[in-house]
Amino acid sequence: MSKNLTFAELIKQGGQELNLNLDKKAVLLFETYKDLLLEWNQKINLTSITDVNEIAIKHFLDSLIILGEIEVKVQCRVVDIGTGAGFPGIPLKIARPDLNVVLVDSLQKRVAFLREVIDKLQLKNIEVYHGRAEELGHYPEFRESFDLAVARAVAKMPVLVEYNLPFVRVGGQFVAFKGPETDEEVKLAANAVFELGAELEEAKETYLPFIRDRRSLIIYRKTKHTPPKYPRKPGLPEKKPLG
Ligand code: SAM
């Protein structure tokens with residue numbers, strides 16, 4: 001079905017399936033983003049997906065599924081840890097220009113790409129930081145200051161929660177974008193989540209528009225302050241995940 005639709009139609013109709021009304025400006029911004037992604041992907045490794053329809057579905061619409069599943073409050077402060085080529089943070093900003101977004105990635109070349117995207121798309125209230133989550137999570141301006149942290153395809157859950165939860169304010173949420181079959185990962189992270197001051201709120205199962213691939217959103221709620229010793233030194237969460 002998706003084969004007969006243009007990139008713009010996929011974005012528009014896929015957005016409707018996710019209960020989003022993406023206007024003409026948003027669709028144009030997605031077009032420009034896709035063009036920049038393909039152009040820069042010739043020079044640096046950003047994505048293995050190079051078919052435009054697949055970019056629309058597997059990167060852009062996939063990034064937006066959260067908006068159809070949880071309430072993301074107006075002007076809320078969102079951090080995307082390990083954003084890579086901007087997923088899910090930039091699609092979220094395009095679909096919801098009111099959001100205040102911070103993108104974090106440890107690879108300088110990807111950060112340069114993200115700066116170019118923000119500049120060309122003239123996005124406001126969005127910043128990019130080059131660095132590791134383990135370091136930035138201790139910066140006073142970031143620590144426990146976000147309403148929502150998101151991460152897609154960055155690490156296994158016990159590692160991911162140590163990267164993300166220190167950024168979330170008490171009462172805020174961390175949402176991990178995952179594929180199907182997350183039970184084991186979620187179980188393995190249970191002690192770490194408690195130690196970092198959060199609770200599992202919900203594991204939502206959903207589907208990608210058009211291709212019906214299964215996706216999970218694992219939603220954590222911060223209930224207490226994260227102890228100051230977390231996140232541990234760079235590399236340690238991955239080497240010795242909290243258990
Ligand atoms: N979230 C994007 C997506 O869904 O396409 C990128 C996924 S890519 C597989 C993982 C990204 O996380 C890489 O760009 C990598 O540089 C970044 N990353 C991994 N560990 C990190 C850390 N500890 N702090 C910051 N960024 C990290």
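A salt bridge is taken here as a side-chain nitrogen of Lys or Arg within 4 Å of a carboxyl oxygen of Asp or Glu, and by this rule the count comes to 17 salt bridges. The model is predicted, so local features need pLDDT of at least 70 and side-chain atom pairs count only at pLDDT 80 or more, whereas totals for chains, interfaces and linings use all residues. Residues are numbered from 1 along each chain as its sequence is written, and side-chain values use heavy atoms, with hydrogens and water left out.

**Salt bridges and burial** (buried means under 20% relative accessible area, exposed over 50%, partly exposed in between, with a 1.4 Å probe and protein chains only)

- Lys 222 and Glu 144 form a salt bridge with an N to O distance of 2.8 Å; because Lys 222 lies in strand β7 (residues 214–222) and Glu 144 in the loop between α6 (133–136) and β4 (146–152), the pair ties together parts that are 78 residues apart in sequence.
- Lys 222 is buried, at a relative accessible area of 2%.
- Glu 31, Lys 34 and Asp 35 are joined into one network by salt bridges that share partners.
- Within that network, the closest N and O atoms of Lys 34 and Asp 35 are 3.0 Å apart; Lys 34 is buried at 9% relative accessibility, while Asp 35 is partly exposed at 40%.
- Arg 96 and Asp 98 also meet in a salt bridge, 2.8 Å from N to O, with Arg 96 buried at 18% relative accessibility and Asp 98 partly exposed at 23%.

Definitions and conventions
Helices (H or I, at least four residues) and strands (E, at least two) are DSSP runs, numbered from the N terminus.
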